[in-house]
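Student: Could you take me on a close look at the salt bridges in this structure? I would like to see who pairs with whom and where the partners sit.

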Amino acid sequence: MHIAILGGGGWGLALSSLLSENGHQVLVWEYNPAYLQLLKETHSNPHLLPGVTIPEQVCFTNDFNEVSTFSPEIIILATPTQFLRSTLHKTPVSLWNGQQLLAVVNVAKGIEEKTFKTLDAVIKDELPFLPESKICALSGPSHAEEVARKIPTTVVIAGSNENLLCQLQTVFSNAYFRVYRNLDLIGVEIGGAVKNIIAISAGIISGLGFGDNTIGALLTRGIVEIQRLGVALNACPETFLGLSGIGDLITTATSLHSRNRFVGWEIGKGRKLSEILSKMEMVAEGVATTRSVYLLAKKLQVEMPIVEKVYQVLYEDKDPRQAIIELMTRDLKAE
């Protein structure tokens with residue numbers, strides 16, 4: 001199949017390698033001129049995926065007209081959450097209205113600032129002519145660094161058309177990358193987005209020097225908060241017990257690969273958020289998503305005390321130790 005990937009970050013590059021190895025023709029659009037030149041010359045980006053070489057068959061461009069001429073059957077959206085709308089806005093209509101286009105698969109994880117919208121809603125806003133049945137999301141516990149090194153990984157693909165999901169499972173799956181399917185698109189999107197906030201708090205806890213008891217409590221109560229928000233948005237509660245819920249949460253909150261956990265760790269060690277972000281090559285989606293989810297939860301009157309404390313630490317300069325004390329001394333209640 002012809003597959004276009006919009007975004008040559010770590011995840012976009014890992015998927016380009018995977019899909020090329022699966023026998024598909026892959027074209028990656030990358031906006032950063034320096035990264036694009038590096039990819040064209042070396043088929044690698046050591047800033048994002050050290051030690052990984054992308055197959056020679058993968059092509060790279062920064063021209064949307066070239067992507068349109070490529071006539072992709074699948075378009076993967078691998079741009080950071082807060083840049084998805086502006087990226088889609090720049091694309092020509094011809095990229096999306098080809099008869100050959102089967103699916104648009106979002107792989108970013110987050111909630112848009114200001115609008116509080118999930119990414120499938122952003123896609124619908126910017127591409128109102130695209131049939132809703134073609135919009136899908138790929139999510140789950142899947143660090144790009146590990147997928148690029150062929151470490152066994154399982155993820156979930158979500159959408160409204162089960163026949164299409166079955167087809168996409170075949171496109172992505174191989175001996176080290178197994179794809180499940182789920183018809184609960186909103187639940188998969190919420191799980192992937194909100195776990196990044198809990199991962200920041202896990203990093204804070206570790207940076208402060210707390211132990212396994214604290215992490216266990218955080219993950220358990222964290223998935224409760226994720227589920228509460230999801231149910232308020234009409235997601236299926238069971239989705240959050242799957243790969244895009246508890247699976248992604250465990251991986252992101254405990255892994256040294258996790259950019260969101262790293263941000264929390266550095267805050268726990270006493271560094272300021274602005275200083276941390278200024279030195280990061282890749283985007284920690286959970287930082288912006290924390291504000292979006294905090295405000296969305298208030299709007300929907302969903303109780304999310306962990307999210308609230310992470311918001312206060314990131315945006316109101318609350319002392320992390322004080323935030324934990326306040327969480328631990330809330331009114332007692334039944335589980």
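**A close look at the salt bridges**

Tutor: Let's start with Glu303, which is partly exposed, at a relative accessible area of 38%. Keep in mind that this is a predicted model. Glu303 has a salt-bridge partner, Lys333, and their closest N and O atoms are 3.3 Å apart. Find the two on the chain and you will see that this pair links distant parts: Glu303 is in the loop between α13 (285-300) and α14 (305-315), while Lys333 is in the segment after α15 (320-328), 30 residues apart.

Now, how many salt bridges does the structure hold? There are 19 salt bridges, and a few of them deserve a visit.

Go next to Lys195, which forms a salt bridge with Asp248; here the closest N and O atoms are 3.7 Å apart. Lys195 belongs to helix α8 (residues 185-208) and Asp248 to helix α10 (residues 243-254), so this pair ties together parts that are 53 residues apart in sequence. Are these two residues buried or exposed? Both Lys195 and Asp248 are buried. The word "buried" applies under 20% relative accessible area, whereas Glu303 has 38% and is partly exposed.

A further pair is Glu326 with Lys318, whose side chains meet in a salt bridge at 3.0 Å, N to O. How open are these partners? Glu326 counts as partly exposed at 23% relative accessibility, and Lys318 is also classed as partly exposed, with 22%.

Salt bridges can also share partners. In this model, such sharing joins Arg85, Glu112, Lys117, Asp125 and Glu126 into one network, so try to pick out those five side chains together on your screen.

One last stop brings us back to helix α8, the home of Lys195. The structure has one cavity of 30 Å³ or more, and the volume of the largest cavity is about 50 Å³. Among the residues that line the largest cavity are Asn106, Lys109, Leu138, Val188, Glu189 and Gly192. Which elements give two or more residues to this lining? They are β6 (135-139) and α8. By class, the lining of the largest cavity is made up of five nonpolar, four polar and two charged residues.

So, to retrace the route: you began at the pair Glu303 and Lys333, moved to the buried pair Lys195 and Asp248, and then met Glu326 with Lys318, before the network and the cavity.

Terms used: Residues are numbered from 1 along each chain as its sequence is written. This is a predicted model: local features need pLDDT of at least 70, side-chain atom pairs count only at pLDDT 80 or more; totals for chains, interfaces and linings use all residues. Side-chain values use heavy atoms; hydrogens and water are left out. A salt bridge is a side-chain nitrogen of Lys or Arg within 4 Å of a carboxyl oxygen of Asp or Glu. Helices (H or I, at least four residues) and strands (E, at least two) are DSSP runs, numbered from the N terminus. Buried means under 20% relative accessible area, exposed over 50%, partly exposed in between (1.4 Å probe, protein chains only). On a 1 Å grid over the protein atoms alone, a cavity is a set of points where a 1.4 Å probe fits but cannot get out, and a pocket is an open set with protein on both sides within 12 Å along at least five of seven lines; lining residues have an atom within 4 Å of a point. Grid points are joined across faces, edges and corners, and a volume is the space filled by probe spheres set on the points. Ala, Val, Leu, Ile, Met, Phe, Trp, Tyr, Cys and Pro count as nonpolar, Asp, Glu, Lys and Arg as charged, and the others, Gly among them, as polar.
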